[in-house]
Amino acid sequence: MSSFTLSLKLPPLLSLSPPPSAQLLYSNFSPFSLNTRILRATSRRFFSAVEVSSKTISTMETDKESIGSLKQQLAKLFEESLRAAFPDISDVPPLVAICNDPKNGDYQCNNAMSLWNKIKGKGTQFKGPQPVGKAIVENLPGSDMIENCSIAGPGFINIVLARQWIAKSVQKMLIDGIETWAPKLPVKRTVVDFSSPNIAKEMHVGHLRSTIIGDTLARMLEFSNVEVLRRNHVGDWGTQFGMLIEFLFEKFPNWEAGSTPAIGDLEAFYKASKQRFDSDPDFKERAQKAVVSLQGGEEKYRKAWAQICEISRKEFQKVYERLGVHLEEKGESFYNPYIPKALELLNEKGLIEESEGARVIFIEGKKIPLIVVKRDGGFNYASTDLTALWYRLNEEKADWMIYVTDVGQREHFEMFFSAAKRAGWLPSNENDYPKASHVGFGLVLGEDGKRFRTRSTEVVKLVDLLDEAKSRCKLALEERGKAKEWTAEELDQTAEAVGYGAVKYADLKNNRLTNYTFNFDQMLSDKGNTAVYLLYAHARICSIIRKSGRDIEELKKSGAMDLAHQDERMLGLHLLQFPEIVEEACTNLLPNLLCEYLYKLSEDFTKFYTNCQVVGSAEETSRLLLCEATAVVMRKCFHLLGITPVYKI
């Protein structure tokens with residue numbers, strides 16, 4: 001792909017092999033496994049109310065189960081305080097949020113003003129929101145978590161966390177494992193429907209976004225102890241298979257005799273069959289009859305269909321393996337037998353009506369209806385998607401169905417979700433479960449601001465893009481002389497980890513709703529918010545620990561962490577906020593929030609390391625533990641983003 005030939009600079013990354021401590025954390029490690037402000041403000045408002053129900057207010061659990069996010073732990077304390085201070089007012093969720101200005105505190109509780117509005121003029125003893133805030137503080141149960149609280153403005157309660165508690169909490173994670181920091185979500189089983197390429201067509205750059213966004217959402221939910229059903233809803237059924245089957249018969253007359261036909265370029269095969277379909281009336285007629293034979297279950301046609309699907313499936317799998325993505329295929333053909341029953345259920349509820357020869361569901365607020373049976377009696381995307389939703393709710397018992405597609409399909413999902421609500425399959429309140437969510441994403445653009453294509457105006461194939469990313473990284477490493485220092489395997493694995501990671505991160509760091517410009521030079525830069533910079537930062541931390549000559553596993557057991565320096569405390573606090581960032585990213589389905597957290601973590605570490613000597617200092621043990629905790633959280637972030645870390649520079 002000569003159109004991609006540009007220069008880059010890359011730091012010298014050496015090894016993918018994790019240190020012993022990382023191997024303990026990742027026993028299945030494999031080098032091959034691989035307008036935001038508005039949404040962020042919305043998510044902050046949503047997350048400001050943390051509802052909890054707990055019989056205890058302990059903030060330092062003794063077992064190794066997840067203790068919830070820092071915000072949830074604070075919410076437990078303030079829930080108890082609100083009950084004690086205002087026993088006559090029920091259903092008051094504690095409103096806990098991170099302080100906008102760190103100078104005021106670490107967190108704040110914002111219940112005072114809303115409580116004052118409820119009780120003023122009703123004979124209350126309180127004279128305003130500030131006394132209400134003071135009462136909340138005075139009724140807080142004893143806890144080693146909070147150092148002090150102060151009241152500001154109209155009753156805002158600013159909370160400063162105890163330095164010793166932050167240190168103990170971070171060290172406890174090192175001992176018990178980062179899984180104890182897994183968020184607690186209100187769902188048990190989720191379907192994530194993503195990637196979903198069409199049979200007989202190659203995966204292109206557009207599939208990249210759905211595949212890696214869906215994979216990251218699945219990984220974050222899995223980390224949060226949610227059972228995730230990773231579904232690949234491939235396009236493996238429909239009228240196009242008539243022309244594909246007939247073209248197969250024509251080009252490979254002995255297709256049944258031997259192994260899978262050597263179709264070669266699937267995209268070319270599809271285009272050739274489509275051209276023949278459009279230009280040859282006799283072929284078109286045979287193709288239409290082939291559809292009937294296929295849908296009628298004739299063995300010859302079903303076998304031909306299965307062979308075409310298998311050829312595509314093998315090509316898809318090669319891409320998924322390179323990306324480190326796992327999916328379970330349940331394509332359109334899987335749901336096809338269930339469609340009549342699903343439509344019958346909708347018809348019994350009076351939802352389906354006749355309109356201009358088709359059967360449709362009218363949706364309030366939409367000018368056009370949702371067609372579920374075409375004029376010719378055939379089914380379509382809507383009938384398949386409604387059936388799949390019914391199956392996921394009733395057969396797979398999922399609490400949350402998440403669909404990852406481009407924003408251009410937003411109206412389709414709005415309409416079929418509305419139909420499901422009318423049918424009573426989904427609750428009318430969008431915050432209730434079970435629920436369905438459409439995760440839309442924007443386009444991948446080229447330097448010209450148009451849809452990303454090759455010089456010949458073809459859509460960029462995903463395999464070509466990944467090859468180019470890897471080859472660029474490999475060339476940069478060879479220019480640094482690493483081919484002489486490393487084995488061929490080390491060179492290849494490192495180039496793959498950095499190249500694929502750079503492509504993924506460049507996509508995931510953007511708000512998924514926006515378009516983004518694909519630029520190899522930017523994504524492979526070792527400066528700024530890139531995967532290369534972050535992988536380099538992680539490798540640097542690992543190098544600091546190695547050079548100390550200390551046994552980090554022994555230090556976890558015998559050493560103690562103390563965050564006396566301001567930059568140490570800041571880094572420790574940011575580490576503790578990891579669970580709530582994952583929770584926020586899951587709840588709002590925004591992977592870029594995790595990227596923002598990871599980049600800020602690397603910046604906080606750089607500030608700490610610049611101002612706090614580690615090796616050879618009086619605080620060496622404590623600071624090495626803080627280095628290790630940072631590396632552990634960075635590795636978990638990389639894992640959730642589907643990026644393979646590197647460990648040496």
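Let us begin at helix α13, whose buried residues pack against α12 (332–335), β8 (352–355), β9 (358–361), β10 (370–373) and α14 (381–394). Keep in mind as you look around that this is a predicted model. Helix α13 itself spans residues 339–348, and its buried residues are Ile339, Ala342, Leu343 and Leu346. Around the helix axis they cover an arc of only 95 degrees, which puts them on the same side of α13. A general point about helices helps here: an α-helix has 3.6 residues a turn, so residues three or four places apart point the same way. After α13 comes glycine 350, which has a positive phi, near 75 degrees.

Now turn to the sheet. Four strands form an open sheet in the order β1-β2-β4-β3, and their pairing is antiparallel. At the edges lie β1 (96–98) and β3 (146–152), each of which pairs on one side only. On average, neighbouring strands of this sheet are turned by 30 degrees against each other, direction ignored. In general, strands of a sheet pair through backbone hydrogen bonds, either parallel or antiparallel. For one pairing to look at, take strand β2 (residues 107–109) and strand β4 (residues 156–161): they run antiparallel and are joined by three bridges. Here glutamine 108 stands opposite asparagine 158 in β4. The sheet also has a helix packed on it, namely α3 (residues 70–85), which touches β1, β2, β3 and β4. The direction of α3 makes about 120 degrees with that of β4.

A single residue makes a good next stop. Histidine 207 is part of helix α7, which covers residues 205–223. Is histidine 207 buried or exposed? Its relative accessibility is 12%, and because buried means under 20%, histidine 207 counts as buried. Which residues is histidine 207 in contact with, leaving aside its neighbours within four places in sequence? They are Ser195, Ser196, Pro197 and Glu202.

Our last stop is a pair of helices, α23 (residues 578–588) and α24 (residues 592–611). Their axes are 8 Å apart, and the two helices pack at an angle of about 155 degrees. Since angles over 145 degrees count as roughly antiparallel, α23 and α24 are therefore roughly antiparallel to each other. On the α23 side, the contact is made by Phe578, Ile581, Val582, Glu584 and Ala585, while α24 contributes Leu593, Leu594 and Tyr597. Sorted by class, this contact of α23 with α24 has seven nonpolar residues, one charged residue and no polar ones.

Notes:
Residues numbered from 1 in each chain as written. Predicted model: local features only at pLDDT ≥ 70, side-chain atom pairs only at ≥ 80, totals over all residues. Heavy atoms only, no water. Axes fitted to C-alpha atoms, helices over the stretch in contact; angles between N-to-C directions. Parallel < 35°, antiparallel > 145°, perpendicular 65-115°, else oblique. Contact = heavy atoms within 4.5 Å. Nonpolar A, V, L, I, M, F, W, Y, C, P; charged D, E, K, R; others polar. Pairing = 2+ DSSP bridges. Buried < 20%, exposed > 50% of the residue type's maximum accessible area, 1.4 Å probe, protein only. Arc of directions from axis to C-beta.
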